[in-house]
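Thank you all for coming; I would like to take a few minutes to walk through one structure. Please have a look at it on the screen before I go on.

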Amino acid sequence: MLTRLRTSGIDETALWEAVAAVEDPEIHRSLGELGMLRDARAGRGGRVHVEVALTTSGCPLRERLREDITAAANSIAGVSAVDVSFGTLSERERLALSQRLREQRATGIGEHTRVYAVASGKGGVGKSTVTANLAVALAARGNRVGVLDADVWGYSVPQLFGVRCNPIALKGLMLPVEAHGVRLMSVGFFVDDGEPVVWRGPMLHKALEQFLADVHWDEPDVLVVDLPPGTGDITLSLLELLPQAALLAVTTPQLAAQTVASRVGRMARDMRMPVAGVVENMSSLACACGRHTPLFGSGGGQRLADELDIDLLGQIPIDAALTESGDAGVPVVASAPDAPSAVALTEMATRLPVVTRSLAGVPLPLSVV
């Protein structure tokens, strides 16, 4: 391509290349690679105009993309102002983009993706909170992380991450919703707040298959799956679809919670599933004065770890920051990283094992996180 110069002195070839290299914040590919850059030209007085076609007119990350385009254009000598306008891909262009993404790279979960299935024997032990904060902590360490909210009847990922929007569909390919550096998919994105999900077995199994195969996860480094409590059909279906998954069992210090959580361990034994470890949530109440009060007794996490012959990865206290973060929709490791709960959750993320063992006693490799 020949270098084009206008009377403004702006190198339009350099301008185009700079803007084309900007990454779409949803698909994580460059605008040039995706064919979304329509125009980048120089005008009078150093003002340039850039036109981009979005996947949808209601793109939630439009302003973030505008800022990135403006910064890229301003890096070119002679640019004094940047006008950015947005259009929308046509139906034909959306189909072509979907096909291009499928051809360029596997869109789903790759063979090198490390999958952690977060499970509990009963509800109310904070399993989803552990999932959300583990994902954000892993993303903060430079991993590309996805969260699949498989707790279909008790979905809470939209609330915990503070997002309320429908995923964008590209002719058979869905783009995960992104928040706090984590790619998300949940049935909660497809129903109104408070609407019950009354799907039965076959429909649930099909939905979970689509969430894995028809979502542009883009081969993340880590996928964290928030399983429903117990050992029902959804859990069994997902573990069949994700044979590389390693179990992360969540309990509280109470004997009752530890007893029912051990049933999940027995399920893992029966399915010869590797186990990443045990997390004891609500281990104590952390006061601002520095005292820790064991509200729900003590020892449940260690007893479960001993029973399953695996490591206790962390003991997560309750504190004001943790409870407020759930209501605010910002995981505590992001909103209050110095809070006792956030420190414990971050440390737990760093302790995920290099090698874990199945409950049948057969060593099974688990890649380094």
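Against which elements do the buried residues of α13 pack? Before I answer, let me say that this is a predicted model, and that everything I describe is computed from it. The buried residues of α13 pack against α5, β12, β14 (312–318), α11 and α12 (332–335).

As for which residues these are, helix α13 spans residues 340–350, and within it S341, A342, A344, L345, M348 and A349 are buried. They lie on the same side of α13, because they cover an arc of only 165° around the axis. The general background is that an α-helix has 3.6 residues a turn, so residues three or four places apart point the same way.

Let me turn next to the largest pocket, whose volume is about 360 Å³. Of the 27 residues that line it, V125, G126, K127, S128 and T129 are the closest to its centre, and the elements that give two or more residues to this lining are α5 (127–140), β12 (274–286) and α11 (320–328). In its chemical character, the lining divides into ten nonpolar residues, 13 polar and four charged.

Finally, I would like to stay for a moment with strand β12, where S283 is found. Is S283 buried or exposed? With a relative accessible area of 13%, S283 counts as buried, since the cut-off for that term is under 20%. Leaving aside residues up to four places away in sequence, S283 touches P253, P294, G297, Q315, I316 and P317.

Definitions and conventions
Residues numbered from 1 in each chain as written. Predicted model: local features only at pLDDT ≥ 70, side-chain atom pairs only at ≥ 80, totals over all residues. Heavy atoms only, no water. 1 Å grid on protein atoms, 1.4 Å probe; cavity = no way out; pocket = protein on both sides within 12 Å on 5 of 7 lines; lining within 4 Å. Points joined across faces, edges and corners; volume = space filled by probe spheres on them. Helix = DSSP H or I, 4+ residues; strand = E, 2+ residues; numbered from the N terminus. Nonpolar A, V, L, I, M, F, W, Y, C, P; charged D, E, K, R; others polar. Buried < 20%, exposed > 50% of the residue type's maximum accessible area, 1.4 Å probe, protein only. Arc of directions from axis to C-beta. Contact = heavy atoms within 4.5 Å.
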